[in-house]
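Here are a few short exercises to work through with the coordinates open. Try each task yourself before reading its solution.

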Amino acid sequence: MTRMGMIEHCNSRNFDDVDGILGFGWADQARSAALLKTLTQRDRPGWSIYDQIFTGDGKPMPRKFAFTADDRLGELQLGGVDPSIASEPFATFPMDGQNVYGIKITSITYGGVELLHFQPGVSGFTGEFDSGTTCLLLPNTVVKGNFTTSPFGILAREQAQGRRASLIYKATDVNGVERSYSLDYNECVEPTDETMILGDPWFRKWVIMHDLTDLNNKQMGVALRNPNYQLASHTDASILTPNNAPHSLSFDGSDFKAPVSKLSAVRKHRDGAFAQALAEARRGMGMATSLYGDSGVDKVAVRSQSRVTYNIQLAIGTPPQPMAVIFDTGSFMLAVFAEAPPAGMEPLLKDDPPKKAARAAA
């Protein structure tokens, strides 16, 4: 059970093949509209939701999920990670940034040339994971004094001189070990004003794990995808498909055994009109309620002529209605396209006080 949003301000023909947006972002605010909170907690006092009944073992989903993709399909794993999907152990990093899935990037080089020249006292910059961003995005400004010069500007000058090389990102894991991640030259790179986005190329090479099990020690995990693992070979009945228990996996070498659900996702290339329409829908969701999270819902300026989306099938309502939704780690709530409500109806997300004392963290 969850509250959800209705996107009634968007009538774009670009959304004819989808029914809504499945936002899997996280926001720390007590009354945030984060669907992930509702899936992983029995109570949402701020939303007057109590004693949720979960299928399967009756427990909320563990606050952990992973996503990876290839050129055709993606796979979302809920509640944990199937170890067979990775060809190496996960490197784990402290989650960095405010209400984003990010890690602290300490260096990016292109053919040996450093792109990140930090001001004194600055040791890194948040790279935000976003599966829906087609390219790698680099700041084209000094970002309020974080850099002495524009990272994208350095890259553009190197490429203008005919240099062709891989981009090598560096970050320090939870054990203090510096890790390097290389992406081919042919992956597209685009400029932004203030953000660094680790977009679709990261998800197509690595499995990206989002671990919020300990909210005081949130972590991201990165591991090479096993080339022999068959992505999206089936879709389990999951917490998102009512009246079904998730597929159970045992994790060798660990006392932790939890249900993991696998959901297939269809990868689609979209044109610039779709990218613009999606950005407007996300901004509209942010404007509709102050409970959405940060005011800057869509932090990436829409300059791209294309966008990648991953469509997932889920069921909503009683009886369950199948819907195709866009999986989106860059927004927080589940929202479906709908007609405007009848006159006089009031939104559920209003600032009335909870009617019952909180027994769990909101």
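**Exercise 1. Find how many disulfides this predicted model has, and say which parts of the chain are joined.**

Solution. Start with the cut-off: two cysteine sulfur atoms count as a disulfide when they are within 2.5 Å. Applying it gives 1 disulfide. The partners are Cys135 and Cys188, with an S to S distance of 1.9 Å. Next, locate the two ends. Cys135 sits in the loop between strand 8 (125–129) and strand 9 (136–139), while Cys188 sits in the loop between strand 11 (178–183) and strand 12 (189–192), so the link ties together parts 53 residues apart in sequence. Now check the handedness: the angle about the S-S bond is -100 degrees, which makes the link left-handed. Finally, look at accessibility. Cys135 is buried at 4%, whereas Cys188 is partly exposed at 30%.

**Exercise 2. Determine which residues of helix 2 are buried and what they pack against.**

Solution. Helix 2 covers residues 151–160, and its buried residues are Pro151, Phe152, Gly153, Ile154, Leu155 and Glu158. Then search for their neighbours: these buried residues pack against strand 6 (102–110), strand 7 (113–114), strand 9, strand 10 (167–172) and strand 12. To finish, step just past the helix, where Gly162 has a positive phi of about 85 degrees.

**Exercise 3. In the loop between strand 9 and helix 2, look at Val143 and Lys144: what is the sign of phi, and is each residue buried or exposed?**

Solution. As background, most residues other than glycine have a negative phi. Val143 has a positive phi, near 50 degrees. Lys144 also has a positive phi, of about 55 degrees, although Lys144 is not a glycine. Accessibility comes next: Val143 is buried at 6%, but Lys144 is exposed at 72%.

**Exercise 4. Locate Asp43 and say what its side chain contacts.**

Solution. First, place the residue: Asp43 is in the loop between helix 1 (35–40) and strand 3 (64–69). Second, assess its surroundings: with a relative accessible area of 3%, Asp43 is buried. Third, look for a polar partner. A polar atom of the Asp43 side chain lies 2.7 Å from the backbone nitrogen of Asp51.

**Exercise 5. Find how far apart the C-alpha atoms of Thr309 and Thr134 are.**

Solution. Begin with Thr309, which lies in strand 17 (residues 306–316) and is buried, with a relative accessible area of 1%. Then compute the separation: the two C-alpha atoms are 8.5 Å apart, although the residues are 175 residues apart along the chain.

Key
Residues numbered from 1 in each chain as written. Predicted model: local features only at pLDDT ≥ 70, side-chain atom pairs only at ≥ 80, totals over all residues. Heavy atoms only, no water. Helix = DSSP H or I, 4+ residues; strand = E, 2+ residues; numbered from the N terminus. Buried < 20%, exposed > 50% of the residue type's maximum accessible area, 1.4 Å probe, protein only. Contact = heavy atoms within 4.5 Å. Polar contact = N/O pair within 3.5 Å; in protein donor to acceptor, adjacent residues only side chain to side chain.
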